Amino acid sequence: MFPIDTIKTHVQASQRHISFRSVSDILYQEHGMLRFWKGTHVMALGCIPSHTSYFIAYEHLKIFFGYNNEEFDFKQTLCIGATTTFVHDFFIAPSEVIKQRLQLCNGLTARQCCKDIVKEEGIKGLYRSYPITVMMNIPFASSVVCCNENIKTYLKPWDRSNPLLWYFICAGISGGIAGLLTNPLDVIKTRLQT
């Protein structure tokens, strides 16, 4: 999905109305196909600690709350999703700031971008979007976890033939609903980060 994220960042950061198609055409004509993957290495490095901490917190919170998909529970699943956001975003916020600046500036390296941010804004420059990232990701993660866990409780993919397909369907529906709910905050976050 990274090429789409690169285009989305350009559309959201633009001060004028520009279409998805226009941005993709401009990026391709000026820089070729590799331009769409600018900053992937930064996100890969940030994803390791952020996703590790997210899923550790997620699984421990399911145990803590005693949630095991036996009945619908919106309150606990919303709480689990919201809580996991804080640890995840602490690790991913600096990577997102660097990634989005790289997506917008073609000649910049990740190392130089990080140095420039710290030099001009201090370490807090890497976390400038942390509050809005958390504000956006709390409803996102809460919605994803709540929808995913409750849809799984309803569909019981573990009792079906080809359960991986059913887990994929549950996750896809959940991610779609959460993305729809939080897109306006994502636009604000991109403007702050860039």
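A residue is called buried when its relative accessible area is under 20%, exposed when that area is over 50%, and partly exposed in between. The exercises below use these cut-offs on a predicted model.

**Exercise 1. Describe the protein as a whole.**
State which elements it has, what box it fills, and what share of its residues is buried.

Solution.
- Step 1: Count the elements. There are 7 helices and 0 strands.
- Step 2: Read them in order. From the N terminus the run is α-α-α-α-α-α-α.
- Step 3: Take the box. Along the principal axes, the C-alpha atoms fill roughly 55 × 35 × 25 Å.
- Step 4: Apply the cut-off for buried. Of the 194 residues in the protein, 43% are buried.
- Step 5: Look at contacts with a separation of 6 or more. Residues 24 or more positions apart account for 74% of them.

**Exercise 2. Describe the surface and the charges.**
Find how much area the protein exposes and how many positive and negative side chains it has.

Solution.
- Step 1: Take the area. About 11000 Å² is exposed.
- Step 2: Ask which atoms supply it. Carbon and sulfur atoms give 67% of that area.
- Step 3: Count the charges. The protein carries 19 positive and 15 negative side chains.
- Step 4: Locate the two sets. Their centres lie 7 Å apart.

**Exercise 3. Examine helix α1.**
Compare the reach of α1 with the expected value, then list its buried residues and what covers them.

Solution.
- Step 1: Find the helix. α1 spans residues 2-13, which is 12 residues.
- Step 2: Check the reach. From first C-alpha to last, α1 covers 16 Å, close to the 16 Å expected at 1.5 Å a residue.
- Step 3: List the buried residues. They are Phe 2, Asp 5, Thr 6, Ile 7, Thr 9, His 10, Gln 12 and Ala 13.
- Step 4: Find the cover. It includes α2 (20-31), α3 (40-65), α4 (74-104) and α7 (163-193).

**Exercise 4. Find the buried face of α2.**
Why do the buried residues of α2 line one face of the helix?

Solution.
- Step 1: Start with the buried residues. In α2 these are Val 23, Ser 24 and Leu 27.
- Step 2: Look down the axis. The buried residues of α2 fall within an arc of 95°, so they line one face of the helix.
- Step 3: Recall the general rule. An α-helix has 3.6 residues a turn, so residues three or four places apart point the same way.
- Step 4: Turn to the other side of α2. Arg 21 and Gln 29 are exposed there.
- Step 5: Ask what covers the buried residues of α2. The cover includes α1.
- Step 6: Move just past the helix. Gly 32 takes a positive phi of about 80°.

**Exercise 5. Link Gln 193 and Glu 96.**
Place both residues, classify them as buried or exposed, and trace their contacts. Leave out neighbours up to four places away in sequence.

Solution.
- Step 1: Place Gln 193. This residue is in helix α7.
- Step 2: Classify it. Gln 193 has 0% relative accessibility, so it counts as buried.
- Step 3: List its contacts. Gln 193 touches Ala 93, Glu 96, Val 97, Gln 100, Arg 101, Ser 129 and Thr 133.
- Step 4: Place Glu 96. This residue is in helix α4.
- Step 5: Classify it. Glu 96 has 13% relative accessibility, so it counts as buried.
- Step 6: List its contacts. Glu 96 meets Met 43, Thr 133, Lys 189 and Gln 193.
- Step 7: Compare the lists. Thr 133 appears in both.

**Exercise 6. Examine Ser 143.**
Is Ser 143 buried or exposed, and which residues is it in contact with?

Solution.
- Step 1: Place the residue. Ser 143 is in helix α6 (residues 130-155).
- Step 2: Apply the cut-off. Its relative accessible area is 11%, so Ser 143 is buried.
- Step 3: Leave aside neighbours within four places in sequence. Ser 143 then contacts Leu 78, Asn 148, Ala 178 and Leu 181.

**Exercise 7. Compare two loop residues with positive phi.**
Describe where Asn 69 and Lys 156 lie and classify each one.

Solution.
- Step 1: Recall the background. Most residues other than glycine have a negative phi.
- Step 2: Take Asn 69. Its phi is near 60°, a positive value.
- Step 3: Place and classify it. Asn 69 is in the loop between α3 and α4, and is buried at a relative accessible area of 8%.
- Step 4: Take Lys 156. Its phi is positive, about 50°, although it is not a glycine.
- Step 5: Place and classify it. Lys 156 lies in the loop between α6 and α7, and is partly exposed at 32% relative accessible area.

Notes. Residues numbered from 1 in each chain as written. Predicted model: local features only at pLDDT ≥ 70, side-chain atom pairs only at ≥ 80, totals over all residues. Heavy atoms only, no water. Helix = DSSP H or I, 4+ residues; strand = E, 2+ residues; numbered from the N terminus. Expected span 1.5 Å × (residues − 1). Buried < 20%, exposed > 50% of the residue type's maximum accessible area, 1.4 Å probe, protein only. Contact = heavy atoms within 4.5 Å. Areas by Shrake-Rupley, 256 points an atom, 1.4 Å probe, with all protein chains shown as cover. Lys, Arg positive; Asp, Glu negative; His and termini not counted. Charge placed at Lys NZ, Arg CZ, Asp CG, Glu CD. Arc of directions from axis to C-beta.
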